[in-house]
Amino acid sequence: MSHRPPNPSGRVTSAKIVIAGGFGVGKTTLVGSVSEITPLTTEAIMTSAGVGVDDTRQVPGKTTTTVAMDFGRISIDRDLILYLFGTPGQTRFWFMWDELVRGAIGAVVLVDTRRLADCFAAIDFFEHRRLPYLVAINCFHDPQDVRDALAISSDVPVVACDARNRESTKHVLISLVEYVLTMRRTRAVAPA
């Protein structure tokens, strides 16, 4: 990881990052593991409204679900604060995604390799909106195998993470910020 030079103005910069992925992939866990504040969650008990809609076979024991968003904050260094917004995973709550991504610099698409198809909608969403994203594998599988299975561009970072581990999730967020900065520099020097 590269480190940014100190900010000579002394001003704090903040950035919004969206955490997305399929149902039960670990978005709430990721936000909670890295947030330096008590995260705001909108977890609700799963009810009969989700029967036949939410596929819980791959996430046995899941009794709650995010119905609006998760929110957390982390200071990467003394002059960069990231605000994290976790999306709900079920399709019936996707109408909220447009609002959640407004003003975001980038996104993390959290992937469970047992259910890769669950992340296709998130990848399509961010590609359609041209929002930089990276793929974080919430377990330890070969990133190249995941890249091939998702058929994503070779310039989209794919990193492994453990959504329960603060340092692991912090590494994912720093990787995303570095990717976004690299993309912005590349676009700034690209001929029109």
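**Group meeting: a walk through the core and the salt bridges**

Okay, let's start in the middle. The largest nonpolar core has 51 residues, and the ones that touch the most other members are Ile 17, Leu 82, Phe 126 and Val 135. The element that gives the most to this core is helix H5, residues 166–189, with eight residues. Before I go on, keep in mind that this is a predicted model.

Let me stay with one of those four hubs. What does Phe 126 touch, leaving aside residues up to four places away in sequence? The list runs Val 18, Ala 20, Trp 97, Val 101, Ala 107, Val 109, Leu 131 and Tyr 133. Some of those names will come back when we get to the strands.

Now, stepping back for the overall layout. We have five helices and seven strands, and reading from the N terminus the order is β-α-β-β-β-α-β-α-β-α-β-α. The protein has 192 residues, and 48% of them count as buried. If you take contacts with a separation of 6 or more, 69% of them are between residues 24 or more positions apart.

On to the strands, and I'll begin with E5, residues 104–111. Strand E1, residues 13–21, pairs with E5 in the parallel sense, over six bridges. Within that pairing, Ala 20 sits opposite Val 109 of E5. Both of those residues are also on the Phe 126 contact list. E5 also runs parallel to E6, and five bridges join the two. There, Leu 110 has Ala 136 in E6 as its bridge partner.

So is E5 buried or exposed? Eight of its eight residues are buried, so E5 is largely enclosed by the rest of the structure. E6 tells a similar story: five of its five residues are buried, so it too is largely enclosed by the rest of the structure. You can see this on both faces of E6. Tyr 133, Val 135 and Ile 137 are buried on one side, and Leu 134 and Ala 136 are buried on the other. That fits the general picture, where side chains in a regular strand alternate between the two faces of the sheet. And Val 135, remember, is one of the core residues with the most contacts to other members.

Helix H1, residues 27–34, is another matter. Which of its residues are buried? Those would be Lys 27, Leu 30, Val 31, Ser 33 and Val 34. They span an arc of only 165° around the axis, so they lie on the same side of H1. The general reason is that an α-helix has 3.6 residues a turn, so residues three or four places apart point the same way.

A quick word on cysteines. How many disulfides does the structure hold? Zero. Cys 119 counts as buried at 1% relative accessibility, and Cys 161 is buried as well, at 0%.

Last topic: charges. Side chains of opposite charge can pair when their charged atoms come close. In this model the count comes to seven salt bridges. Let me show you three.

Arg 129 pairs with Asp 98, with the closest N and O atoms 3.0 Å apart. This pair links distant parts of the chain, 31 residues apart: Arg 129 is in the loop between helix H3 (120–128) and strand E6 (133–137), while Asp 98 is in helix H2, residues 97–101. Both ends are partly exposed, with Arg 129 at 36% relative accessible area and Asp 98 at 37%.

Next is Arg 114 with Asp 112, a salt bridge at 2.4 Å, N to O. Here the two partners sit in contrasting settings. Arg 114 is exposed, at 58% relative accessible area, whereas Asp 112 is buried, at 7%.

The third is Asp 118 with Arg 115, at 3.1 Å, N to O. In this one the arginine is the buried partner, with Arg 115 at 9% relative accessibility, and Asp 118 is partly exposed at 35%. Salt bridges with shared partners tie Asp 112, Arg 114, Arg 115 and Asp 118 into one network.

So, if you open the model after this, I'd suggest looking at Phe 126 with its neighbours, then the E5 and E6 pair, and then the four-residue charge network, Asp 112, Arg 114, Arg 115 and Asp 118. That's it from me, thanks.

How values were computed. Residues numbered from 1 in each chain as written. Predicted model: local features only at pLDDT ≥ 70, side-chain atom pairs only at ≥ 80, totals over all residues. Heavy atoms only, no water. Core = buried A, V, L, I, M, F, W, Y, C linked by side-chain atoms within 4.5 Å. Buried < 20%, exposed > 50% of the residue type's maximum accessible area, 1.4 Å probe, protein only. Helix = DSSP H or I, 4+ residues; strand = E, 2+ residues; numbered from the N terminus. Contact = heavy atoms within 4.5 Å. Arc of directions from axis to C-beta. Disulfide = S-S within 2.5 Å. Salt bridge = Lys/Arg side-chain N within 4 Å of Asp/Glu carboxyl O. Pairing = 2+ DSSP bridges.
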